[in-house]
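Let's work through a few exercises on side-chain links in a protein. Have a look at the sequence and the 3D view, then try each task before you read its solution.

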Amino acid sequence: VQLQASGGGLGQAGDSLRLSCAASERTFNSYTMGWFRQAPGKEREFVAVISRAGGRTRYSDSVKGRFTISRDNAKNTIYLQMNTLKPEDTAVYYCAVAYPHASSFYTPTQEESYAYWGQGTQVTVSS
């Protein structure tokens with residue numbers, strides 16, 4: 001599975017950005033998908049996850065209420081709408097495909113639950 005993330009860039013506090021992640025896998029709708037981020041000098045952290053049919057989503061506390069994850073299975077793409085950006089949102093954002101799971105509502109938050117990772121897209125927010 002190949003993942004191509006895009007949509008990162010520069011913004012100011014309060015701005016909005018939308019990230020996209022396109023997958024090469026034909027059975028894209030069989031997989032839970034997630035977003036993670038890594039800020040300079042910090043470990044990579046969970047941001048958001050969406051179940052394979054989109055029926056369940058989870059968010060980290062730091063982005064809940066500001067970010068929205070969604071997916072378009074017809075386009076093999078997931079999105080991360082980021083509103084009310086803060087300087088602490090500055091990071092490289094990665095999309096990832098979770099290992100297969102029986103549950104349609106599988107939404108893991110740990111890195112080790114993800115099998116494939118995109119190359120990352122930089123988001124920089126100034127104050």
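Below are three exercises, each with a worked solution.

Some ground rules first. This is a predicted model, where local features need pLDDT of at least 70, side-chain atom pairs count only at pLDDT 80 or more, and totals for chains, interfaces and linings use all residues. Residues are numbered from 1 along each chain as its sequence is written, and side-chain values use heavy atoms, with hydrogens and water left out.

**Exercise 1. Find the salt bridges of Arg-37, and work out how buried or exposed the residues are.**

Step 1: Get the rule straight. A salt bridge is a side-chain nitrogen of Lys or Arg within 4 Å of a carboxyl oxygen of Asp or Glu. Counting this way gives five salt bridges.

Step 2: Start with Glu-45. Its side chain meets that of Arg-37 in a salt bridge, at 2.7 Å from N to O.

Step 3: Now try Asp-89. Here the closest N and O atoms of the salt bridge with Arg-37 are 2.9 Å apart. Arg-37 sits in strand β4 (residues 33-38) and Asp-89 in the loop between β8 (77-82) and β9 (91-98), so this pair ties together parts 52 residues apart in sequence. (Strands are DSSP runs of E, at least two residues long, and helices are runs of H or I, at least four, all numbered from the N terminus.)

Step 4: Check accessibility. Buried means under 20% relative accessible area, exposed over 50%, and partly exposed in between, with a 1.4 Å probe and protein chains only. Arg-37, at 5%, counts as buried, while Glu-45, at 36%, counts as partly exposed. Asp-89 is buried.

**Exercise 2. Follow Asp-89 to Arg-66 and see what network results.**

Step 1: Asp-89 forms a salt bridge with Arg-66, and the closest N and O atoms are 2.8 Å apart.

Step 2: Place Arg-66. It lies in the loop between β6 (57-59) and β7 (67-72), so its pairing with Asp-89 ties together parts 23 residues apart in sequence. Both residues, Asp-89 and Arg-66, are buried.

Step 3: Put it together. Through shared partners, salt bridges join Arg-37, Glu-45, Arg-66 and Asp-89 into one network.

**Exercise 3. Which cysteines form a disulfide, and what is its handedness?**

Step 1: A disulfide is a pair of cysteine sulfur atoms within 2.5 Å. The structure holds one.

Step 2: The partners are Cys-21 and Cys-95, with sulfur atoms 2.0 Å apart.

Step 3: The torsion about the S-S bond of Cys-21 and Cys-95 is about 60°, so the disulfide is right-handed.

Step 4: Cys-21 lies in strand β3 (residues 17-23) and Cys-95 in strand β9, so the pair ties together parts 74 residues apart in sequence. Cys-21 and Cys-95 are both buried.
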